[in-house]
Amino acid sequence: MPKKRVRKSSKQDDVVPHSSKWKKSKKSPVNPVEEELQVSLLPSRRKKAKQSSVNSDDACFVGEPIPADEAQKKWPHRYTKNDESSEDESLKAKFHYREAKVDGILYKLEDNAYVKGEEGKEDYIATIVEMFETPEEEQYFTAQWFYRAEDTVIKDHGNLVDKKRIFKSDVKDENPLDCLVRKINIVQISPDAAKKKKIPPCDFYFDMKYNVPYLTFSNIDNESETSTLSSESGSNVRATDKKGVKEKSTQIKESNRPEWTLLDLYSGCGAMSTGLCFGASISGIKLVTKWAVDINKYACESLKLNHPETYVRNEPTEDFLSLLKEWAKLCDEFVLNGAESTDSDLNAAEEAEEKADDEAMDDSPDSEVFEVERLLSICYGDPNEDEKPGLYFKVHWKGYDSSYDTWEPIEGLSECKDAMKDFVINGYKEKILPLPGQADFICGGPPCQGVSGFNRFRNKNAPLEDEKNKQLIVYMNIIDFLKPKYVLMENVVDILKFAGGFLGRYAVGRLVAMNYQARMGMMAAGSYGLPQFRMRVFLWGALATEKLPSYPLPTHKVVSRSVIPTEFEEITVAYSTNENCQLAKALNLEGAINDLPPVENDDSDDERSYGTTPRTDFQKYIRLQRSEMVNYSADSQSAPSGMLYDHRPLKLNTDDYERVCHIPKKKGANFRDLKGVLVKENKVEWDPSVERVYLKSGKPLVPDYAMTFVRGTSSKPFGRLWWDEIVSTVVTRAEPHNQVLLHPEQDRVLSIRENARLQGFPDCYKLCGPVKQRYMQVGNAVAVPVALALGYTLGLAILGLSDDSPLTTLPFKYPSCLARSLDVVDDGSS
Ligand SMILES: C[S@@+](CC[C@H](N)C(=O)[O-])C[C@H]1O[C@@H](n2cnc3c(N)ncnc32)[C@H](O)[C@@H]1O
């Protein structure tokens, strides 16, 4: 038997007779991870085969050709002649067929089949959508490919996904007929069947499609697309889904905006959820941050101050997840299942308890008796710091004031079922914690410090075993437990750079394995109206019952400076270069902060009056009071009119302050402008002709660390920002020794408020904690307008108003969109 042809291999030119041809073809899932982004984005530049294709005895068409008029109607590009200028390089056909026989197996159009893979690798999977003979009598079929999980962005984490689950693609290309190996049974299943793991007997099944743009896994809801495929439940499933979305959107409009609940994990001071809720509100959806979790107590205080409506939990997410599981059991026991049935037990227990108490009192007349009056709160962890982690309740004791409240382990409260029952019933009613299905949306950026370039001990071989990356697993486990309708994960671009994007791929793999639709995009803060280049990765997830949200296209013209791994560069959210779009001019430092009153290095007022008027639209709208903003509810806190918060800088020590006073007030100024420093070929050296200058304290004006920073090549130490600039990122530490953060015209670092402006926080967002902690909260934040834009596209998805496109144009700009009275229209402000 002649050797089977291998479908395509760019690496195996010697094995593949048509290597020159296949190498040019970009449209195949072969070696897809390396090529995936070019795969179907680029037009096929395939040249005509040089050698003749097959006409082996083992592969031939069967039956009469399809009548010419029918074939020409269905595949017109196969029958038109290419003129010189035409970009159409498709193979031409003499005849089309409905059936072919390869190695004795009869294949029909729309059959699914294995297609010969590379030597030693698994065969590819495709649907045969066309069979034709070229004028040169070569025999071809067109394959519409399916991806295995490992052929998608998920790559090395393919093991997370069921082996039999594959993903339909729109990618099609032509292959020699004798690449067909054997027929296979592929069934389309409904998302519901996938969830319930009700899979009919088959070789493979699929419930989603995979599209390379924005690495998108999404529902298959195009009727015509699947009508040709063998399917267990077929188009009925899709019809119901569509109807579901439609019904929901009408319902929402009619029922006076029901509340959508958001759980903000790793919430920090709440910038991300604040932005998301603003954006959702603009779209017409009432999204409320019902719960937030962060390990940093000051960040929690800030969030609570600005969002009194939120249950803010200051604890590690690991403990939060354990608590959620315990809470679900308690609700089961006291509310959902056993409430009634335990009544008599409870009475009996009560009597026993009272009797025991009486006896105890009789036995020891002098002993102090503590009686539980009520339970105040619940946590999982080690609140007494005695290394006994577990489930605890905070107890208020009868006859004692709240200074005597203590955390008691659940085991010690077995006699207090009534108090526990009251607490659980109330907590259940108030939703102090989400039960599975109760959080509609989870957002958050699990810290992955193990990927940071600053971390010298990065574990490249097993990034998930690094304790510093563990939060990604915890985050996904919380999603798995709570099963929200929507998920938005934010992270640093490093998760796509480090170890070939291992962690980013893992995140997608986990979502898809949990039957979420998913897509990934990168967004730059400056593109949404801020003077900041910061770039972040955002991963959407949506249950199969929901519409997958899109990414909001930029509103402002800012060229991103972030170095993006080439493999992922196509997921940067941007207009394509040839698109004619009206982007607003980028905002610079001047437009963002030059209305703020001058402050001194040692100013320590947390509140002051503006004493100035806004000079730009940005400044006008960023000053809005809470009550003037969209999404305002009466219980939201509002800054007293005219007060400016957190406009104070980190106080530099006397030496640094003296140094900063010597830095000229001009563009590009830094320590290199100080006396005694020479710059040669962008490297600093001491000027031998100048005696070293000393400060009042006796320390040198130019510190050694500035001269040696990045081997003398950095101009960052004591760098001054200038009015026309855009900052690379807003930092978490206001440290002038190795960062450019001096005010253009004042001898100090940018104040907390100035940094907050660069992150898009409205001025009324007041922060808590020591100065350094407030800088940290601001630097850690997701830029508010970026989150807002995503909240808007989420709202569109909830309303069923988004189509399949991964991108949406925004009808507003930040921050004018914050204004309550403003209609959702572009007022042209920038
Ligand atoms: C990048 S910040 C989040 C910023 C936030 N999304 C915002 O927009 O303001 C990451 C947060 O994770 C918190 N964090 C780190 N480890 C944690 C853990 N194990 N459990 C809970 N929070 C944690 C940090 O305190 C920090 O506030």
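This text leads the reader through a predicted model, from the surroundings of its ligand to its backbone geometry and its aromatic rings.

The ligand is a suitable place to begin. In total, 19 residues surround the ligand, and the closest are Tyr266, Met272, Asp294, Thr317 and Val782. Sorted by class, this shell is made up of nine nonpolar, seven polar and three charged residues. Two domains each supply at least three residues to the shell: domain 2 (252-321 + 437-574 + 787-818) and domain 3 (590-784).

Individual atoms give a finer view of the site. An oxygen atom of the ligand has a backbone N or O atom of Val782 at 2.9 Å. For Glu318, the side chain is involved: one of its N or O atoms is 3.4 Å from a nitrogen atom of the ligand. With Tyr266, a backbone N or O atom lies 3.5 Å from a nitrogen atom of the ligand. The ligand taken alone would expose 600 Å², of which the protein buries 86%. The elements that contribute two or more residues to the shell are helix 7 (271-283) and helix 9 (317-336).

The backbone deserves attention next. Most residues other than glycine have a negative phi, and most peptide bonds are trans. Which residues depart from this pattern? One departure is the cis peptide bond that joins Tyr814 and Pro815, with an omega of about 0°. Pro815 is placed in the segment after strand 31 (807-808).

Two further departures concern phi. Glu110 is not a glycine, yet its phi is positive, at about 75°. This residue belongs to the loop between strand 4 (105-108) and strand 5 (112-115). Is Glu110 buried, partly exposed or exposed? Glu110 counts as partly exposed because its relative accessibility is 24%, and the partly exposed class runs between 20% and 50%. Val710, also not a glycine, has a positive phi of about 50°. Its position is in the loop between helix 18 (704-708) and strand 29 (719-720). With a relative accessibility of 36%, Val710 is therefore partly exposed.

The last topic is the aromatic rings. A pair of such rings is described by the distance of the centres and the angle of the planes. How many aromatic pairs does the structure hold? There are 20 aromatic pairs. One of them is formed by Phe95 and Tyr97, whose centres are 6.5 Å apart and whose planes meet at 70°, an edge-to-face arrangement. The pair counts as edge-to-face because its angle is over 60 degrees. Phe95 is partly exposed, with a relative accessible area of 33%, whereas Tyr97 is buried, with a relative accessible area of 9%.

Another pair consists of Trp260 and Tyr486, which is tilted, with 6.2 Å from centre to centre and 50° between the planes. This pair links distant parts of the chain, since Trp260 lies in strand 14 (residues 259-265) and Tyr486 in strand 21 (residues 486-492), 226 residues apart. Trp260 counts as buried because its relative accessibility is 7%. Tyr486 is likewise buried, at 0% relative accessibility. Finally, Tyr147, Phe167, Tyr210 and Phe217 form one aromatic cluster.

Key. Residues are numbered from 1 along each chain as its sequence is written. This is a predicted model: local features need pLDDT of at least 70, side-chain atom pairs count only at pLDDT 80 or more; totals for chains, interfaces and linings use all residues. Side-chain values use heavy atoms; hydrogens and water are left out. A residue is near a molecule or strand if one of its heavy atoms lies within 4 Å of it. A polar contact is a pair of N or O atoms within 3.5 Å; within protein, one must be able to donate a hydrogen and the other to accept it, and residues adjacent in sequence count only if both atoms are side-chain atoms. Accessible areas come from the Shrake-Rupley method with a 1.4 Å probe; for residues, only the protein chains shown count as cover. Helices (H or I, at least four residues) and strands (E, at least two) are DSSP runs, numbered from the N terminus. Ala, Val, Leu, Ile, Met, Phe, Trp, Tyr, Cys and Pro count as nonpolar, Asp, Glu, Lys and Arg as charged, and the others, Gly among them, as polar. Domain bounds come from an automatic or database domain assignment. Buried means under 20% relative accessible area, exposed over 50%, partly exposed in between (1.4 Å probe, protein chains only). Rings of Phe, Tyr and Trp (its six-membered ring) pair if their centres lie within 6.5 Å; planes under 30 degrees apart count as stacked, over 60 as edge-to-face and the rest as tilted.
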